[in-house]
Amino acid sequence: MNIKVSSGFPYPLGATITPQGVNFALFSANAEKVELCLFDTNGEKEIIKIEMPEFTDDVWHVCVQGIGAGALYGYRVHGPFEPHKGHRFNPAKLLLDPYAKALHGEFVEHKANYSYDLDSCQKDLTLDYQNNAEFMPKCVVTEELPALENKPQIRRRDTIIYEMHVKGFSRLNPALKKKLRGTYLGLADDVSIDYLTALGVTSVELLPVHQFIDEPFTKEKQLVNYWGYNSINYFVPDARYTLNNGIEEFRQMVDKLHQAGIEVILDVVYNHSAEGNELGPTYSFKGIDNASYYRLAKHDQRFYENFSGCGNTFNIDHPRVLQMVTDSLRYWVQTMGIDGFRFDLATILGRERPHFNQYNHFFNTLKQDPVLAGVKLIAEPWDIGQDGYQLGRFPNSWMEWNDRYRDTVRRFWRGDHGMLADFANRIHGSSDLFENRSRRPSSSINFITSHDGYTLRDLVSYQQKHNHANGENNQDGHNANYSCNFGVEGATKDKAINALRLQQQKNILTTLFISQGTPMLLSGDEFGHSQQGNNNAYCQDNEISWLNWQQAENSELLEFVQALIALRKAHPLLNRTHYHHGKNYSAKTGLADISWLNCHGKPMQDSQWHDHSIKCFAMLLANTEHELISDDFYHDDALLVIFNAHDHEHLYQLPKLNGYWQTIFNTADTKIKQNENLVRTELMVSPHSCSLLSFSQSPADFRQENETYELN
């Protein structure tokens, strides 16, 4: 190999092609020497080792002339091996560049990937001298790519999120070519795009696609990490979902979704890495500068602070770790075209020592960043540490997963007593949690189900979790599921039970899409996907998790959800920009912007809110001319949503107004179809049902019968 070495530059970090050659820059404040290792084209033979000659501002750097795009490399980092002081340097271990954009080869589970002697009784206090290069993928030098333009720019209030797994979504779809199933290109295919467009969602939220690896304990059970919350690199799209070129295929997927007007949001895991605790492997960060990259225990830096529950916690307080995270985010926005991020265990990112601070440097850095300030930022607002639950306390520009919404809606439709007041708060956009002068209802990500827990169908089919396939004696997964099987555990041929389960799914979905806030739909819930009662399918890369597309054929529930989404988009009263509290009134009808009515059509009284036996009430939304509404939408005078969680029907007294009510739908019906019959006084409400009615002072204002939401 004919190469020439010069000092190079400390910025940018990673491997960068320049007119002078390839510049390599690696941060390590505590290393004593760093070697750049170049490999042959197969990644099998280490052909040259270059000591990086310069150390500037804690960055080791070198420029290598004579190589270019496609060159394979890794690092060996020298320094003290003093675990009690937080140092775990071991030059016998080939390490991944944290800034690598592509990898060649695979991770092979082997004891050589551990910096310590696995067979020693002293464990991680002993140094292991095995060379692990043959068991590690190699980093690939890549060319800089142009930014992806023409993003959809969906307003927050208009956002409808579809949480999905790249592989699980298309793996069993017979309409796709076999080689595309379960890949980025499978999601980019017209078959997938057309389905998402017909469904009506505006944004897909992908489970983690940063390069991740399987944990040793999952492999011991002959299982894998399916969800992906075990990242080892934050720039590389995971190879599991690629055919040939992960970068190009991912960009093609994003571009195709953008052309269809659909945003792409990534679920990202910047709270911990796949290197685990003190007994975990060494792939990158541990061997490069363990004491800088991780939060270490004060009493003994051999151990890690573990707010993630996964063995370690990234030290986001360190400026270079913060730099890596923000550089990664910018790369995915600019080069890969991403529109937003959902941050796993986001409380960790706001932790100082030790408490959460919504004004800490991580949040402030994103707020002032010209690239990141304009994308959607979504928090999973908790971690497992002290005071880890921070729902409603993130910065105003952030959106947050609202598990209070999830649990309350589940309990209300299950028929639990005393849920009325909290249910009203949740469908109102959880103003008690989020509202302030500059925060909107869209801050609340409303969801009933997510990847973590039951699917919607299982929520109404199982009383207990059934996680035996996970190999943990059914001890894993949540126990507080607020589910109900309605008489039989799991699948049944009982027509009455199945009918009730279907109606309950419709009730829950209706609640999701008529609530103020940002709805998130779990992939597959729209046609009744089941995980056979498994509420923690993190390791089930099989038919338990993969969507069964035969269920989507002629699915009544799928048509219902498509119509629900269309209805939400068409009626701005179901999707308001601001919070309303009944203080503004319509000059046309005299109605307040929002009212809560009892079963007699009268305002709810304090005593009724606290009457634990009441499970039927209504939300009345009125157009008060205080919000700007485009002519593209329906200008309802008012909408009435009646919720009946009782197991008996109820003759509901409609509000006495000078006009007419028309039923848009009732979840007891098979389809969403506007009723041509106008009513003025009362409506028989079915048990376990939700009804939506529109009010107008003139019958001529109503949609014609041939303009229904029915999709046939």
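This briefing covers two pockets, a buried acid and a few backbone oddities in one protein model.

The model is predicted, so local features need pLDDT of at least 70 and side-chain atom pairs count only at pLDDT 80 or more, while totals for chains, interfaces and linings use all residues. Residues are numbered from 1 along each chain as its sequence is written, and side-chain values use heavy atoms, with hydrogens and water left out. The largest pocket comes in at about 1200 Å³, and the second largest holds about 750 Å³.

**How the terms work**

- A pocket is an open set of points on a 1 Å grid over the protein atoms alone, where a 1.4 Å probe fits, with protein on both sides within 12 Å along at least five of seven lines; lining residues have an atom within 4 Å of a point.
- Points are joined across faces, edges and corners, and a volume is the space filled by probe spheres set on them.
- Helices (H or I, at least four residues) and strands (E, at least two) are DSSP runs, numbered from the N terminus.

**The largest pocket**

- The lining of the largest pocket takes in 49 residues, and W227, Y229, S308, G309 and C310 sit nearest its centre.
- Two helices, α4 (216-220) and α9 (403-414), each put at least two residues into the lining of the largest pocket, with α9 giving the largest share at 4 residues.
- Sorted by class, the lining of the largest pocket has 20 nonpolar, 17 polar and 12 charged residues. Here Ala, Val, Leu, Ile, Met, Phe, Trp, Tyr, Cys and Pro count as nonpolar, Asp, Glu, Lys and Arg as charged, and the others, Gly among them, as polar.

**The second largest pocket**

- With about 750 Å³ of space, the second largest pocket is lined by 32 residues, and L103, G105, Q211, D238 and A239 are the closest to its centre.
- Strand β11 (103-104) and helix α5 (246-259) are the elements giving two or more residues to the lining of the second largest pocket; α5 gives the most, with 3 residues.
- The class split for the lining of the second largest pocket is 15 nonpolar, 8 polar and 9 charged residues.

**The loop between α12 and α13**

- D476 sits in the loop between α12 (456-459) and α13 (495-514).
- D476 is buried (under 20% relative accessible area, 1.4 Å probe, protein chains only). D476 has no salt bridge (a side-chain nitrogen of Lys or Arg within 4 Å of a carboxyl oxygen of Asp or Glu), and K465, the nearest side chain of opposite charge, is 5.8 Å away.
- The side chains of D476 and N470 do share a polar contact of 2.7 Å. That term means a pair of N or O atoms within 3.5 Å; within protein, one must be able to donate a hydrogen and the other to accept it, and residues adjacent in sequence count only if both atoms are side-chain atoms.
- F486 lies in the loop between α12 and α13 as well, has a positive phi near 60°, and is buried at 18% relative accessible area.

**Other backbone features**

- The Y11 to P12 peptide bond is cis, with omega near 0°; P12 is in the loop between β1 (4-6) and β2 (14-18).
- The R353 to P354 bond is cis too, with omega near 0°, and P354 is in the loop between β16 (340-343) and α8 (361-368).
- N150, in the loop between β12 (138-140) and β13 (161-164), has a positive phi near 55°. N150 counts as exposed (over 50%), at 71% relative accessibility.

Terms used
Lys, Arg positive; Asp, Glu negative; His and termini not counted.
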